[in-house]
Amino acid sequence: MPTVEGPFPAADVTEWAQTADVVVIGLGIAGACAALEAQRAGADVLVLERAGAGGGASALSQGQFYLGGGTDVQTACGYEDSPENMYAFLRSVTTTDEDAKLRVFCESSVEQFDWLESLGVPFNREAYTHKAVYTRTGEGLLTTGNEKVWPFRDQAAPAPRGHQVSGDGDVSGGNVAMRAVLGAIEAEQVPVIYEANVIGLVQDAEGRVVGVKMRRDGRDSFVQARKGVVLAAGSFNLNADITAEHMPLFSEYGKPLGEPTNDGAGLLLGRTVGVAERGMAGLVATASIYPPEDLIKGIVVNAEGRRFMPEDAYHGRMAHTIARQPGARAFLIVDEEIFGYPKHGSHTFLDAYETVDEMEAALSVPAGSLVSTLDRYNADVAAGEDAEFHKHPDWLKELKAPYAVFDISIPRSDYHWMSLGGLVTDEDGRALHPDGTTVPGLYAAGACTNHLAQDGDEYASGMSLAAGSIFGRRAGAHAAAS
Ligand SMILES: Cc1cc2nc3c(=O)[nH]c(=O)nc-3n(C[C@H](O)[C@H](O)[C@H](O)COP(=O)(O)OP(=O)(O)OC[C@H]3O[C@@H](n4cnc5c(N)ncnc54)[C@H](O)[C@@H]3O)c2cc1C
């Protein structure tokens, strides 16, 4: 658990050990982008990083950035997109009430792509056109959300927006991206103090955040921030108390994504000065049934033997929907023609069955339920349209005996997940009180803030790194200018 105290009254601070214009807490993608932008705007910046090196969860990540609106990679790969089209898609799939942030996200996207490339973050001009969770084969672009899934495919022209940083052997794309971003921090001589654990915020009599308390080598000291403090301390995925309270199912059965310092320090520091929180139960989980993508041609049923969603949905949407089924249980039914083992999720192969009756008995679903589910599905396949859930015709295929079943229930498989809720900010990264007023002097960005997608059914892979970098930069720029 993180140590978080305070807030400390500025009047009680007898000595500032260090002073900067902008103090950034954490050196993952959000903090690094905030620091670079603030220093480039002429501010005197100081980054305080609790670990012995920068990177955070960002360096562990797959390195997908959800960017669009007509980036150079999209254009080079022959895809048309525009900020309006990107907004139309995200507006239809998300329920966020932070519309100004959503617009900024879409309108900044092309420039953000160019900016990342200017730091040396590599994106190949080659698209991966199959369904995948991520690629390690060098392609720089793939579809990572629900763009082609009903009803969204009718609401905005589908375009791939998952910009995949090329991994390097066993090294993930996120690691490669962070090497470039941290390389810029070093090249531009942005001051960083490592093993500096920020344990509290300092507030003046008017409520303005004017500094932080840090603990280093067992000694506490105060660091003054003349213009602003940027909280970029990452997620609370590894804070068992917070996750058990807000996301009990996945806290019990899932595996949180992140590194040990993703323990909610940013959220808890924000709480000490009354920053609003939103979407705390929101998370995106994944134990994708694809690849191999042929498995999408199977059907997913619940413990009542009924289908409940289109099987071609984004893997995070599927996990979200399974979590809402009775007992969070679900089965993937395939046949001999499309059989394969799912690459992700460690899903349990149950058995092969010669008849539907035998399969019903083995799965303990109501007698007759799978017979009618398969009859209806196969009739829809013959008609060329999944009238019930609108799975794309590309994935429709008659299912015939013998069948095979994987148990893809949340409690039975390895669902990895990350939280999506957190501190509330405006489009410039300013931290907000519950009444919408700003907390003067305080900014927040990245995984300690509330995401644009409120849950796994709204998310697209890459939205965290993209938003962390865009709103991190905006926070840094705004703080420097304040
Ligand atoms: C395996 C994995 C794969 C992922 N893949 C993707 C992907 O492809 N695309 C995507 O968009 N998202 C992905 N994510 C999620 C994404 O990586 C995170 O949401 C994002 O990196 C968060 O960035 P951040 O800068 O907010 O936090 P982090 O990168 O975690 O950085 C926070 C930093 O703050 C430091 N810190 C914490 N507390 C303190 C303190 N009190 N004082 C000082 N410093 C502190 C930490 O040590 C850390 O270095 C993935 C995550 C994981 C773990």
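This briefing describes the surroundings of the ligand and one strand, S18, together with its pairing partners. The structure is a predicted model. In this model, 38 residues lie around the ligand, and the protein buries 94% of the 1,000 Å² that the ligand exposes when taken alone.

**Residues around the ligand**

- The nearest of the 38 residues around the ligand are Glu49, Ser58, Thr261, Ala447 and Leu465.
- By character, the shell consists of 18 nonpolar, 17 polar and three charged residues.

**Polar contacts of the ligand**

- The side chain of threonine 261 has an N or O atom 2.8 Å from an oxygen atom of the ligand.
- A polar backbone atom of glutamine 64 lies 2.8 Å from a nitrogen atom of the ligand.
- A polar backbone atom of serine 464 lies 3.1 Å from an oxygen atom of the ligand.

**Elements that contribute to the shell**

- Helix H1 (29–40), strand S8 (197–203) and helix H13 (463–481) each give two or more residues to the shell around the ligand.
- Helix H13 supplies the largest share, with three residues.

**Strand S18 and its partners**

- In a regular strand, side chains alternate between the two faces of the sheet.
- Strand S18 (residues 416–419) has Trp417 and Ser419 on its covered face, whereas His416 and Met418 form the uncovered one.
- Strand S11 (residues 255–256) pairs with S18 in the parallel sense over two bridges, and proline 256 has tryptophan 417 as its bridge partner in S18.
- Strand S13 (residues 283–286) pairs with S18 in the antiparallel sense over four bridges, and threonine 286 has histidine 416 as its bridge partner in S18.

Note on methods:
Residues numbered from 1 in each chain as written. Predicted model: local features only at pLDDT ≥ 70, side-chain atom pairs only at ≥ 80, totals over all residues. Heavy atoms only, no water. Near = heavy atom within 4 Å. Polar contact = N/O pair within 3.5 Å; in protein donor to acceptor, adjacent residues only side chain to side chain. Areas by Shrake-Rupley, 256 points an atom, 1.4 Å probe, with all protein chains shown as cover. Nonpolar A, V, L, I, M, F, W, Y, C, P; charged D, E, K, R; others polar. Buried < 20%, exposed > 50% of the residue type's maximum accessible area, 1.4 Å probe, protein only. Pairing = 2+ DSSP bridges.
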